[in-house]
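Reader: I would be grateful for a close look at a single part of this model, namely its aromatic pairs. Please describe their geometry and their surroundings in one connected account.

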Amino acid sequence: RKKASDEYIPSYRSGPYALLVALHSAAEQRPGFPGYLSRLELQSEAQKFCDTSFTVPNAGSYYTAWSSMSSLTRHGLINKVGNPARYNLTEAGAVLATKLLEGSAALIAQPVQAPTAPDSLREDEAASSNDDSSSDPDITPPRSSIGPMR
């Protein structure tokens, strides 16, 4: 059974995420941007947005972050044109890249809170800390100093 939404959304700092964001950023930030990047240019730009290498596979694998390019072209998010290949964002790719950047900014701006225990656990802990007769078998009492330590 398929999900309600068939939209392809790559994980944060994954290969596809980095490729989409790199092409989008190049279009936004480079003066005189021709509208496309070569493979080497794109790998270089995308590497700063990715946790895995675009050129060296992980140990025990043949795949690099670049391997995800075929998924992006299959989903119609990036066009590959010419020989040598040039890569550019489609309209759908530009929209998704914008969403990814907005989502990343929201993740980064969100303050991280320490995880808290559910209320039921906190009540149990409070009850056990008030009950002096309970003892935890995993906690060992301090040694008494009867004689000299050896």
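Author: The account below begins with the chain as a whole and then turns to the aromatic rings.

The model is a predicted one. Its chain holds five helices and three strands, which follow one another from the N terminus in the order α-β-α-α-β-β-α-α. Of the 150 residues, 25% are buried. Among contacts with a separation of 6 or more, 56% join residues that are 24 or more positions apart. The chain exposes about 11,300 Å², and carbon and sulfur atoms supply 53% of that area.

Two aromatic pairs are present in the structure. A pair of this kind is described by the distance of the centres and the angle of the planes. For Tyr-12 and Tyr-17, the values are 5.3 Å centre to centre and 65° between the planes, and the pair is edge-to-face. Planes over 60 degrees apart count as edge-to-face, so the angle of 65° places this pair in that class. The two partners can also be described by their exposure: Tyr-12 is partly exposed, with a relative accessible area of 42%, whereas Tyr-17 counts as buried at 4%.

The other pair consists of Trp-66 and Tyr-87. Their ring centres lie 5.3 Å apart and their planes stand at 85°, so this pair too is edge-to-face. Trp-66 belongs to the loop between α2 and α3, while Tyr-87 belongs to strand β3 (residues 86-89); the pair therefore ties together parts that are 21 residues apart in sequence. Trp-66 is buried, with a relative accessible area of 9%, and Tyr-87 is buried as well, at 5% relative accessibility.

A further ring has a charged neighbour. Arg-86 lies over the face of Tyr-36, at 4.8 Å from the ring centre.

The nonpolar core completes the setting. In soluble globular proteins, nonpolar side chains tend to be buried together. Here the largest nonpolar core has 24 residues, of which Leu-19, Leu-20, Leu-42, Phe-54 and Ile-78 touch the most other members. At least two residues of this core come from each of α1 (15-29), α2 (39-47), α3 (69-74) and α4 (91-109). The helix that gives the most is α1, with eight residues. Leu-20 may serve as an example: beyond its neighbours within four places in sequence, Leu-20 is in contact with Pro-10, Leu-72, Leu-77, Ile-78, Leu-89, Gly-93, Leu-96, Ala-97 and Leu-100.

Methods:
Residues are numbered from 1 along each chain as its sequence is written. This is a predicted model: local features need pLDDT of at least 70, side-chain atom pairs count only at pLDDT 80 or more; totals for chains, interfaces and linings use all residues. Side-chain values use heavy atoms; hydrogens and water are left out. Helices (H or I, at least four residues) and strands (E, at least two) are DSSP runs, numbered from the N terminus. Buried means under 20% relative accessible area, exposed over 50%, partly exposed in between (1.4 Å probe, protein chains only). Contact means heavy atoms within 4.5 Å. Accessible areas come from the Shrake-Rupley method with a 1.4 Å probe; for residues, only the protein chains shown count as cover. A nonpolar core is a set of buried Ala, Val, Leu, Ile, Met, Phe, Trp, Tyr and Cys residues joined through side-chain atoms within 4.5 Å. Rings of Phe, Tyr and Trp (its six-membered ring) pair if their centres lie within 6.5 Å; planes under 30 degrees apart count as stacked, over 60 as edge-to-face and the rest as tilted. A charge sits over a ring if NZ of Lys or CZ of Arg is within 6 Å of the ring centre and within 35 degrees of the ring normal.
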